[in-house]
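Biologist: Could you pick one spot in this model, take a close look at it, and then work outwards to the rest? I'd like one connected story rather than a list.

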Amino acid sequence: MQKNKHIIAPSILAADFGRLDDEVRLLNDAQADWIHIDVMDGRFVPNISFGFPVVNAIQKIATKPLDVHLMIVEPEKYIERFRDSGADVISVHYEACPNLHRTIGQIKESGAKAGVAINPHTPVSLLEDVLEDLDLILIMSVNPGYGGQKFIYQTIPKLRKLKGMLSERNLHPLIEIDGGVGLQNAEELLKAGADVLVAGSSVFKSKDPIDTISRLKAIGSHGSWV
Ligand code: DX5
Ligand code: ZN
C-alpha cells in the first residue's frame, strides 16, 4: 500500500440525522473513501446509537464502502444482518468476543472484511494470535461510546508497536484509528503507521466538511512525511 493512499472514513455519528440523506450525499461527493458507522447498544458502551434500519438507509444512498464498527455485546448474533444491511467492513470488539477467532471467521463467511477493535486499555499484544486472520485492526483512541472526545495520546506508541508486530510477521491488515482524530493529529498518526483515519466531529462540525475531508486526504501526499 502506498503511504499517501491513506483512507479517510468520516463517522456518520457526528452527522445531522434529520438530514441523513444529504449528509451521506455530501460524503459521496467528498474525497471520503469509506463511511464509518458506529453501532452502540447501551451495554458494551454507555450509549445507544442506531441499528439495522439506519445502516440500511445509508446503504441505499452511499456510493462508498460502509465501515461498520460494532460496539455491542454478543456481536456474533448480528453479523449476517449487518452484512445484509450493507456493511462492507465489520469490526467487532476484542473485549466483547470470548470466541474471537470464530467470530472473525463468521464475518469473513458473510462476505465482509473482518476487523477487530481494541479499547484504549487493551494492549495490542493480545491480538498476536489472530493477526494473520484480520483485514483490519481498529485502535480506539478514545473510550468508545461518544463522538467529540479528546484524543488519548498513548495511542501513538501503541500504533507504532502494532506496526512493528505486523512488519515482523510480514502481515498487512489495515490499521484504523478512531476517536479524536482531525487535522491537528492526522499527520502524526499517518507517520506512526495508521492507514485509515476515522473522523467524526472534526469533519461534520467543521465549517466546510468537504474541504476538511480534502485536507485530511491531502496530508502526506506531497512527500512531507514519507
Ligand atoms: C466512538 C466512535 C467513533 C466516533 C468518533 O465510540 O467509535 O467512531 O464517532 O468521533 P470523533 O471523531 O468525534 O471523536
Ligand atoms: Zn467508531
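Modeller: Thr 103 sits in helix H4, which covers residues 100-110. Keep in mind that this is a predicted model. Thr 103 counts as buried because its relative accessibility is 3%, and the cut-off for buried is under 20%. Who does Thr 103 touch, once its neighbours within four places in sequence are set aside? The contacts are Glu 76, Ile 79, Val 92 and Cys 97.

One of those partners, Ile 79, takes us to helix H3 (79-85), and the loop between E3 and H3 holds Glu 74. Glu 74 has an unusual-looking backbone entry for the list: phi is positive, about 50°, although the residue is not a glycine. Glu 74 counts as partly exposed, because its relative accessibility is 34%. Asn 170 makes a nice companion: its phi is also positive, near 55°, and again the residue is something other than glycine. Asn 170 belongs to the loop between helix H5 (155-169) and strand E7 (174-178). With 56% relative accessibility, Asn 170 counts as exposed.

Strand E3 (66-71) brings us to the largest pocket, since E3 is one of the elements that supply at least two residues each to its lining, along with strand E2 (35-40), strand E8 (196-199) and helix H7 (201-204). The volume of this pocket is about 290 Å³. Its lining has 24 residues, and nearest the centre lie Tyr 146, Gly 147, Gly 148, Gly 179 and Gly 180. By class, the lining splits into 11 nonpolar, 11 polar and 2 charged residues.

Now for the metal. The zinc ion (ligand 2) has His 36 (NE2), Asp 38 (OD), His 69 (ND1) and Asp 178 (OD) as protein donors, at 2.0 to 2.3 Å. Along the chain, the spacing reads H-x1-D-x30-H-x108-D. Why is the arrangement octahedral? There are 6 donor atoms around this zinc ion, and the angles they subtend run from 70 to 171°, so the geometry comes out as octahedral. For reference, ideal octahedral angles are 90 or 180 degrees. Of the donors, His 36 and Asp 38 are both buried.

Last stop, helix H1 (residues 20-29): Leu 20, Glu 23, Val 24, Leu 26, Leu 27 and Asn 28 are buried there. Their cover includes strand E1 (7-10), E2, helix H2 (52-61), H7 and helix H8 (209-218). So E2 and H7 turn up twice, in the pocket lining and in the cover over H1.

Conventions: Residues are numbered from 1 along each chain as its sequence is written. Chains are lettered from A and ligands numbered from 1 in the order in which they are written. This is a predicted model: local features need pLDDT of at least 70, side-chain atom pairs count only at pLDDT 80 or more; totals for chains, interfaces and linings use all residues. Side-chain values use heavy atoms; hydrogens and water are left out. Donors are N, O and S atoms within 2.8 Å of the metal (3.2 Å for Na, K and Ca); water is not among the atoms, so sites may look incomplete. Four donors count as tetrahedral if all angles lie between 85 and 135 degrees; four count as square planar and six as octahedral if opposite donors are over 155 degrees apart and all others between 65 and 115; anything else is irregular. Buried means under 20% relative accessible area, exposed over 50%, partly exposed in between (1.4 Å probe, protein chains only). On a 1 Å grid over the protein atoms alone, a cavity is a set of points where a 1.4 Å probe fits but cannot get out, and a pocket is an open set with protein on both sides within 12 Å along at least five of seven lines; lining residues have an atom within 4 Å of a point. Grid points are joined across faces, edges and corners, and a volume is the space filled by probe spheres set on the points. Helices (H or I, at least four residues) and strands (E, at least two) are DSSP runs, numbered from the N terminus. Ala, Val, Leu, Ile, Met, Phe, Trp, Tyr, Cys and Pro count as nonpolar, Asp, Glu, Lys and Arg as charged, and the others, Gly among them, as polar. Contact means heavy atoms within 4.5 Å.
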